[in-house]
Amino acid sequence: MENLNRRRVLSLGAALGLVSVTAPAKAWAWPSADSVAGSGTGADPAYVWDDATDPLMASLLDKGLVPSVNKAMASWVNNGDPLPAGLPADLTAHLRQVNRLPSWADSAKLARAADFNRRRDIYLFMLYGLGSGIMSTVIPREARSVYWSAGGADMQDRAAKTFTFGYDLSQLKAFEPTGQFVVTANKTRLVHAAVRHLLPQSPHWAGGADQDIPISAADILVTFHSLGTYVRRRLLDWKVPFPAADQEAFLHSWQVALHLLGVPDAYIPQTWAAADAQSAQVLTPILAPTTEGKELAEELLGLTAQIDLGVTRGFLNEFVRYVLSDEIGDWLGLRRDYAAAALVRTAWPAYILFREGLSPLMPGTFYMVDQFVRALAMLFLNKGSSAATTPITIPTGNRPAG
């Protein structure tokens with residue numbers, strides 16, 4: 001059975017385009033010398049949460065202060081905005097400490113990453129939306145946490161908020177005063193802390209959970225690998241021009257993002273080789289179907305189908321299979337459409353070749369694919385009604401029982 005599981009992990013890792021895939025690790029073994037900190041205790045991040053934020057948010061929730069906090073933070077959008085007036089003093093003091101870039105942030109790399117994101121936004125939208133977004137539904141802890149939290153009851157709103165995180169990270173001035181990502185990351189960190197306090201109170205989540213507290217540092221790292229590490233590998237697989245300097249800048253933007261989310265620097269990979277090795281340990285071996293994940297995937301693909309543009313649900317199913325694997329498609333029960341499969345496997349590579357100037361011939365499906373990608377992006381920006389921002393609010397409860 002152990003050899004069978006190892007072969008499954010290797011096969012799935014190869015299908016996802018991930019490298020250096022190993023069998024499931026028995027314990028945390030990733031070397032902290034490969035982190036941006038360069039050293040660490042070696043403690044398993046599965047048992048590391050956010051000591052700076054969690055007690056504060058638990059106190060605000062227990063005192064019933066979160067609704068007033070959300071109201072005060074509504075106008076706090078741009079990185080250069082002053083901290084909102086009317087916040088509890090302890091929250092203001094906390095934000096003064098964390099609402100800043102780490103000392104090791106490199107402004108030149110962040111600027112290059114922003115330019116890379118602008119040049120590759122089409123591919124990023126598709127990979128973040130239909131690749132990483134659906135992959136999240138076969139990450140058991142993430143799927144269960146999302147489903148049983150308050151956001152799981154409104155997946156279009158939840159998807160919009162998740163998409164906003166990636167969208168703000170991808171903006172040209174994401175980390176500058178006129179950008180929004182530092183604020184978005186701080187709000188997301190507060191949301192994570194609230195969920196850590198709330199979800200253990202849900203008998204539905206607790207009944208199927210394999211952890212006492214959700215969203216550990218390890219869980220956030222898993223999410224990073226399902227996004228940044230996965231996207232880099234797919235772009236390389238598709239032979240999209242991706243110079244080493246762009247790759248380094250792209251990683252740096254994610255390193256800063258992880259720091260802003262409260263992940264200790266000793267767990268943040270220093271290089272892509274280190275990230276690949278960490279991903280092989282924490283992501284690929286844990287992918288598996290769950291009842292909650294199947295429902296979330298169906299909801300997400302149902303939302304995407306709203307944009308239509310002549311694209312059938314079969315096209316969506318087959319694109320997910322194309323970017324993730326048939327094994328994951330089977331786990332999620334995505335019905336096969338072999339005509340759509342043939343279209344995806346010919347139209348998408350031709351689309352990339354033409355967009356990159358590697359083919360002089362515009363494929364006949366170019367406009368259909370191009371419009372679909374742009375419509376997909378808009379769908380998740382505040383339910384398609386805004387291309388600017390989607391408000392991020394701290395929850396005060398879990399998914400209602402029903």
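This note goes through the fold, one helix, the cavities and the aromatic pairs of a predicted model.

1. Overall make-up. The protein has 18 helices and 0 strands. Of its 402 residues, 54% count as buried. Among contacts with a separation of 6 or more, 76% are between residues 24 or more positions apart.

2. Helix H4, the buried side. Helix H4 runs over residues 89–98, and its buried residues are Leu91, Thr92, His94, Leu95 and Val98. Around the axis they cover an arc of only 160°, which places them on the same side of H4. These buried residues pack against four partners: helix H2 (54–62), helix H3 (66–73), helix H9 (181–198) and helix H12 (244–260).

3. Helix H4, the other side. Which residues are exposed on the other side of H4? They are Ala89, Arg96 and Gln97. A reader can check this by viewing H4 along its axis, with Leu91 and Leu95 among the buried residues and Arg96 among the exposed ones.

4. Cavities in general. Rolling a probe the size of a water molecule over the atoms shows where empty space is left. With a lower limit of 30 Å³, the count is 2 cavities.

5. The largest cavity. The space in the largest cavity is about 60 Å³. Its lining consists of Met126, Phe315, Phe319, Val344, Ala347, Trp348, Val369 and Phe372. Helix H15 (313–324), helix H17 (338–355) and helix H18 (366–379) are the elements that each give two or more residues to this lining. The largest share, 3 residues, comes from H17. By residue type, the lining of the largest cavity has 8 nonpolar residues, no polar and no charged ones.

6. The second largest cavity. Its volume is about 40 Å³. The residues that line the second largest cavity are Val48, Trp49, Asp50, Arg196, Ser216, Ala217, Ile220, Leu261, Gly262 and Val263. How many of the residues in this lining are nonpolar, polar and charged? The division is 6 nonpolar, 2 polar and 2 charged. The lining of the largest cavity, by comparison, has no polar and no charged residues.

7. Aromatic pairs, Tyr147 and Trp148. A search of the whole structure gives 19 aromatic pairs. In one of them, the ring centres of Tyr147 and Trp148 are 4.8 Å apart and the planes stand at 80°, so the pair is edge-to-face. Planes over 60 degrees apart count as edge-to-face. Tyr147 is buried, since its relative accessible area is 9%. Trp148, with a relative accessible area of 16%, is buried too.

8. Aromatic pairs, Phe319 and Trp348. Here the ring centres are 5.3 Å apart and the planes are at 90°, so the pair is edge-to-face. Phe319 belongs to helix H15 and Trp348 to helix H17, 29 residues apart, and the pair thus links distant parts of the chain. Both Phe319 and Trp348 are buried. Both residues also appear in the lining of the largest cavity.

9. The aromatic cluster. Which residues form one aromatic cluster? Tyr123, Trp238, Phe315, Phe319, Tyr322, Trp348, Tyr351, Phe354 and Phe366 do. Phe315, Phe319 and Trp348 of this cluster are also among the residues that line the largest cavity. For a reader viewing the model, these residues offer a way to locate the cluster and the cavity lining together.

Terms used:
Residues are numbered from 1 along each chain as its sequence is written. This is a predicted model: local features need pLDDT of at least 70, side-chain atom pairs count only at pLDDT 80 or more; totals for chains, interfaces and linings use all residues. Side-chain values use heavy atoms; hydrogens and water are left out. Buried means under 20% relative accessible area, exposed over 50%, partly exposed in between (1.4 Å probe, protein chains only). The arc is that of the directions from the helix axis to the C-beta atoms. Contact means heavy atoms within 4.5 Å. On a 1 Å grid over the protein atoms alone, a cavity is a set of points where a 1.4 Å probe fits but cannot get out, and a pocket is an open set with protein on both sides within 12 Å along at least five of seven lines; lining residues have an atom within 4 Å of a point. Grid points are joined across faces, edges and corners, and a volume is the space filled by probe spheres set on the points. Ala, Val, Leu, Ile, Met, Phe, Trp, Tyr, Cys and Pro count as nonpolar, Asp, Glu, Lys and Arg as charged, and the others, Gly among them, as polar. Rings of Phe, Tyr and Trp (its six-membered ring) pair if their centres lie within 6.5 Å; planes under 30 degrees apart count as stacked, over 60 as edge-to-face and the rest as tilted.
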